[in-house]
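Subject: Structure for your review

Dear colleague,

Please find below the structure that I am handing over to you. I would be grateful if you could read the notes after it alongside the coordinates.

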Amino acid sequence: KPEVKQEILKKAKDLDVQFIRLQFTDIFGVMKNVAITRDQLEKALDGELMFDGSSIEGFVRIEESDMYLKPDPDTFAVFPWRPQEGAVARLICDIYNPDGTPFSGCPRNTLKKVIAEAKEMGYTMNVGPEAEFFLFHTDQNGKPTLETHDKAGYFDLTPVDQGENARRDMVLTLQQLGFEIEASHHEVAPGQHEIDFKYDDALTTADNILTFKYVVRTLAQRHGLHATFMAKPIMGINGSGMHCNQSLFKDGKNAFYDPNGELELSEDAHYYIGGLVKHARAMAAITNPTINSYKRLVPGYEAPVYVAWSARNRSPLIRIPARRGVGTRVEMRNPDPSTNPYLAIAVMLKAGLDGIKNKIEAPKPVNQNIYEMNAAQRAEVGIDSLPGSLEEALVELKGNTIIQSALGEHIYRRFVDAKQLEWDKYRIQVTNWELENYLTMF
Ligand code: ADP
Ligand code: MG
Ligand code: MG
């Protein structure tokens, strides 16, 4: 599209952009950057910029290391916090092989493949994430601590502290980048915050999550704070989740809404829930991808532990918020913000589509408090648990060909190998807890 290219070249010139960061993620969702100057922008937009793929985790072997970056022109944005003379812009890229085919190790390509599958069935997926994070103080050497200065709780307005100021700055910056911020508030734990932005189509939202984390981290740093998206930084207080509100649209209408359906939900919605429930345990390896993720998924801290859904209860894995009409949606509550947003959305969409394709019946909704049921009572109504560890989640993923197919062979293999290694390294650690409990006892 030559017009689109010319438009971006002109914009870059008019806005005095000197540097452009070409962004993409590795299979773990860690953002990578290749910085170019404006005179290379045209070549970049033509998809002619090469980089060494072997330097990126989970990508390729040395002997096949030439990769091409194909920027998505829709993602052109100028960083508002950088000087406006000699500005810095970014473009999010897809990765291509030298032969011009999409690279199967690129998470963004992977999501696009599942989106195409949905499109073939007539669906567009919309996703609205609610990402939580902690703001911690840094020490004299700039290293992050676990200290927060605030004593605020959920929705507290006072005292206005350093964290509140930083969050205000984050919201303003995100708005300058075109985000529609729906809510921004202090979360339950000290130092914990949440910023919600408006839902969008699956690919845009995955890109937005990437940008969101980048903005939050950058601006935290500018306020002398450290932002973390790890799932459970401190034992004994709530961890950080990233609830994913999701819906399918067909012909411009919300396909989950049916005023005459059970709970005013359509058959599609019921089957989609059926798919999410069926694949939840295998998906956890992607949506909750770290050792630490499973320390959040424990009873007592508002995080889901059991595989169940409800339209009434706030605690289950899958909640159906009360809104109907265009806002009808399914909220998946186990993902945490350490997940790779492209892969997380890809597997959830795949699971839902599998539900619709194969008419997977959702189990009965569970409206009583699952945390007050004992194991026998849960077994009686068929309520499973989410995996208790990364290792358990990997076993599930290895046994689930639907979720594997959403990831594709390349990402699936490398992801599992890397995560297995992570688990093995963790398994041999001797922790403080063990020393405290065993050193003097035995
Ligand atoms: P909660 O009830 O968990 O506090 P919020 O109202 O804070 O939920 O979050 C709602 C999120 O759901 C927002 O990101 C919003 O844009 C998103 N959302 C609203 N309608 C839809 C929809 N039809 N599909 C997907 N996401 C939606
Ligand atoms: Mg919330
Ligand atoms: Mg929520």
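The notes below take the ligand, the metal site, the aromatic contacts and some loop residues in turn.

Please bear in mind throughout that this is a predicted model.

**Ligand 1**

Ligand 1 has 21 residues around it, and those that come nearest are Glu-182, Phe-197, Tyr-199, Ser-247 and Arg-319. Three polar contacts of the ligand's oxygen atoms deserve your attention. At Phe-197 the partner is a polar backbone atom, and the distance to an oxygen atom of ligand 1 is 3.0 Å. At Arg-319 the partner is an N or O atom in the side chain, 2.7 Å from an oxygen atom of ligand 1. The side chain of Glu-331 likewise offers an N or O atom, with an oxygen atom of ligand 1 at 3.0 Å. The protein buries 83% of the 580 Å² that ligand 1 exposes when taken alone.

**The magnesium site**

Glu-331 also takes part in metal coordination. The donors to the magnesium ion (ligand 3) are Glu-130 (OE), listed twice, His-243 (ND1) and Glu-331 (OE), at distances of 2.0 to 2.6 Å. Along the chain these donors of the magnesium ion (ligand 3) follow the spacing E-x112-H-x87-E. The magnesium ion (ligand 2) lies 4.2 Å from the magnesium ion (ligand 3). Two of the donor residues bring distant parts of the chain together: Glu-130 belongs to strand E7 (residues 124-137) and Glu-331 to strand E17 (residues 330-332), 201 residues apart.

Are these two glutamates, Glu-130 and Glu-331, buried or exposed? Glu-130 has a relative accessible area of 18% and is buried, because the cut-off for that class is under 20%. Glu-331 is also buried, at 1% relative accessibility.

**Aromatic contacts**

The model holds 16 aromatic pairs. One of them joins Phe-197 and Phe-212, with 5.5 Å from centre to centre and 45° between the planes, a tilted arrangement. This pair links distant parts of the chain, as Phe-197 is in strand E9 (residues 192-197) and Phe-212 is in helix H5 (residues 202-222), 15 residues apart. Both partners count as buried, Phe-197 at 4% relative accessibility and Phe-212 at 1%.

A second pair, Trp-433 with Tyr-438, has its ring centres 5.8 Å apart. The planes of Trp-433 and Tyr-438 stand at 90°, so this pair is edge-to-face. Here Trp-433 counts as exposed, with 53% relative accessibility, whereas Tyr-438 is partly exposed at 38%.

Phe-197 and Phe-212 also belong to one aromatic cluster, which they form with Phe-133, Phe-179 and Phe-229. Phe-197 thus appears both in this cluster and among the residues that come nearest to ligand 1.

Which charged end sits over the ring of Phe-229? That of Lys-213 does, 5.9 Å from the ring centre. Another such arrangement places the charged end of Lys-70 over the ring of Tyr-96, 4.1 Å from its centre.

**Loop residues**

Two residues other than glycine have a positive phi, and you may wish to look at their backbone geometry. For Asp-251 the angle is near 50°. Asp-251 occupies the loop between strand E12 (242-250) and strand E13 (253-254), and with a relative accessible area of 77% Asp-251 is exposed. For Glu-302 phi is about 65°. Glu-302 is in the loop between helix H7 (293-296) and strand E14 (306-307), where Glu-302 counts as exposed at 55% relative accessibility.

The last residue to mention is Gln-429, which is found in the loop between helix H11 (401-427) and helix H12 (432-438). Gln-429 counts as partly exposed, at 45% relative accessibility. Its side chain reaches the backbone oxygen of Lys-425 at 3.1 Å. From C-alpha to C-alpha, Gln-429 is 26 Å from Ala-227 in space, and the two are 202 residues apart in sequence.

With kind regards

How values were computed: Residues are numbered from 1 along each chain as its sequence is written. Chains are lettered from A and ligands numbered from 1 in the order in which they are written. This is a predicted model: local features need pLDDT of at least 70, side-chain atom pairs count only at pLDDT 80 or more; totals for chains, interfaces and linings use all residues. Side-chain values use heavy atoms; hydrogens and water are left out. Rings of Phe, Tyr and Trp (its six-membered ring) pair if their centres lie within 6.5 Å; planes under 30 degrees apart count as stacked, over 60 as edge-to-face and the rest as tilted. Helices (H or I, at least four residues) and strands (E, at least two) are DSSP runs, numbered from the N terminus. Buried means under 20% relative accessible area, exposed over 50%, partly exposed in between (1.4 Å probe, protein chains only). A charge sits over a ring if NZ of Lys or CZ of Arg is within 6 Å of the ring centre and within 35 degrees of the ring normal. A residue is near a molecule or strand if one of its heavy atoms lies within 4 Å of it. A polar contact is a pair of N or O atoms within 3.5 Å; within protein, one must be able to donate a hydrogen and the other to accept it, and residues adjacent in sequence count only if both atoms are side-chain atoms. Accessible areas come from the Shrake-Rupley method with a 1.4 Å probe; for residues, only the protein chains shown count as cover. Donors are N, O and S atoms within 2.8 Å of the metal (3.2 Å for Na, K and Ca); water is not among the atoms, so sites may look incomplete.
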